[in-house]
Amino acid sequence: MQKAILVGPCLEPKSRKLSFNDDTVIIFVDGGIKHLKTQFKKATQWISIGDQDSGSTKPKVKLKKDKNESDLFHALKLLPKDISVVETYGLFPDLKNEARLDHRLFNLGEIFRASAKSGAIFILNDHEVLLPAGNHQLDFKGEFSLVCFSKTKIRLTGKVKYPLQKATQVDMLSSRTLSNVGSGLMKLECNHPLLLNNID
């Protein structure tokens with residue numbers, strides 16, 4: 001399983017720790033390089049990219065500040081083509097600590113497109129996972145929502161309060177899949193990437 005970690009500049013709970021080894025590609029997105037000496041001091045395979053507007057350390061790949069795409073847009077291009085799992089750190093903070101809603105929405109959009117292209121799973125934080133198109137098995141208990149970024153056919157069966165027994169088209173950002181409850185093993189089928197928001 002090829003894994004990568006994208007590191008942004010935001011704060012994360014102290015309890016959150018990411019595992020990585022010498023083969024894990026770590027990409028520091030602009031000010032995210034500040035986490036190198038704390039959470040990622042044992043990293044051996046890393047690169048930094050950005051326009052240096054959210055940190056004082058010069059990145060290895062310097063982007064111009066006069067642009068209308070995010071640093072994350074460019075960082076995602078550095079992911080290996082055979083990537084299967086990407087974890088993010090410091091890109092999707094707790095909502096109470098989110099300073100820029102537009103940044104969060106655009107980051108979700110860029111990751112949605114990256115997942116659609118690569119088929120990779122993106123673990124954004126302890127509560128949000130962007131799942132690629134395909135078949136998934138989920139095993140947990142608690143409240144969750146499925147967020148669609150395009151018209152998506154979803155089939156959801158198993159230990160779930162509100163199943164979708166037949167493939168059902170759900171519109172972009174529809175509340176049709178809001179506040180469901182899982183109680184064990186569930187099977188999810190989707191034809192486009194979607195966001196699983198585990199509320200508990």
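How many of the five residues of strand β12 (residues 194-198) are buried? Four of them are, and the strand is mostly covered; buried denotes a relative accessible area under 20%, exposed over 50% and partly exposed the range in between, for a 1.4 Å probe and protein chains only. Before the tour proceeds, some conventions are required.

**Conventions and confidence**

The structure is a predicted model, in which local features need a pLDDT of at least 70, side-chain atom pairs count only at pLDDT 80 or more, and totals for chains, interfaces and linings use all residues. Residues are numbered from 1 along each chain as its sequence is written, and side-chain values use heavy atoms, with hydrogens and water left out.

Colour the model by pLDDT, the predictor's confidence in each residue on a scale from 0 to 100. The protein has a mean of 92, and 99% of its residues reach 70 or more. Among its elements, strand β9 (residues 152-160) has the highest mean pLDDT, 98, and strand β4 (residues 61-62) the lowest, 88. Strands, like helices, are DSSP runs numbered from the N terminus (helices: H or I, at least four residues; strands: E, at least two).

**First stop: the sheet**

Display the strands in cartoon form. An open sheet of 12 strands runs in the order β4-β3-β2-β1-β5-β6-β7-β12-β8-β11-β9-β10, with mixed pairing. Strands β4 and β10 (164-170) stand at its edges; each has a single partner strand, so one side of each is left without a neighbour in the sheet. Two strands are taken to pair if DSSP finds at least two bridges between them.

Now select β12 together with the strands on either side of it in that order, β7 and β8. Strand β7 (residues 128-131) runs antiparallel to β12 and is joined to it by four bridges. Within this pairing, L131 has L194 as its bridge partner, and E128 has N197. On the other side, five bridges connect β12 with strand β8 (residues 134-148), again in the antiparallel sense. Select V147 here: opposite it in β12 stands L195.

**Second stop: L124**

L195 also leads to the next selection, since L124 is in contact with it. L124 is found in the loop between β6 (121-123) and β7, and it counts as buried at 0% relative accessibility. Leaving aside neighbours within four places in sequence, its other contacts (heavy atoms within 4.5 Å) are R16, T88, F92, L108 and I111. For a distance across the model, draw a line between the C-alpha atoms of L124 and T152: these residues are 28 apart along the chain, and the atoms are separated by 21 Å.

**Third stop: the aromatic rings**

Show the side chains of F20, F28, F40, W46 and Y89, which ring pairs link into a cluster. Rings of Phe, Tyr and Trp (its six-membered ring) pair if their centres lie within 6.5 Å; planes under 30 degrees apart count as stacked, over 60 as edge-to-face and the rest as tilted. By this rule there are six aromatic pairs. The ring centres of F40 and Y89 are 5.5 Å apart with planes at 90°, so this pair is edge-to-face. It links distant parts of the chain, 49 residues apart: F40 lies in the loop between β2 (25-29) and β3 (46-50), and Y89 in strand β5 (residues 85-89). F40 is buried at 1% relative accessibility, and Y89 is buried at 4%.

Another edge-to-face pair is F140 with F144, at 5.5 Å centre to centre and 80° between the planes; both residues are buried.

Return to W46 and add K60, which lies over the face of the ring at 3.9 Å from its centre. A charge sits over a ring if NZ of Lys or CZ of Arg is within 6 Å of the ring centre and within 35 degrees of the ring normal.

**Last stop: H35 and K3**

Select H35, in the loop between β2 and β3. H35 is buried, with a relative accessible area of 7%. Its side chain makes polar contacts (pairs of N or O atoms within 3.5 Å; within protein, one must be able to donate a hydrogen and the other to accept it, and residues adjacent in sequence count only if both atoms are side-chain atoms). These reach the backbone oxygen of C10 at 3.2 Å and that of G8 at 3.3 Å. Not counting residues up to four places away in sequence, H35 touches residues including F28, F40 and Y89.

Finally, select K3 in strand β1 (residues 3-7). K3 is buried at 12% relative accessible area, and a polar atom of its side chain lies 2.6 Å from the backbone oxygen of S19. Beyond four places in sequence, K3 touches S19, D23, T24, V25, I83, V85 and E87.
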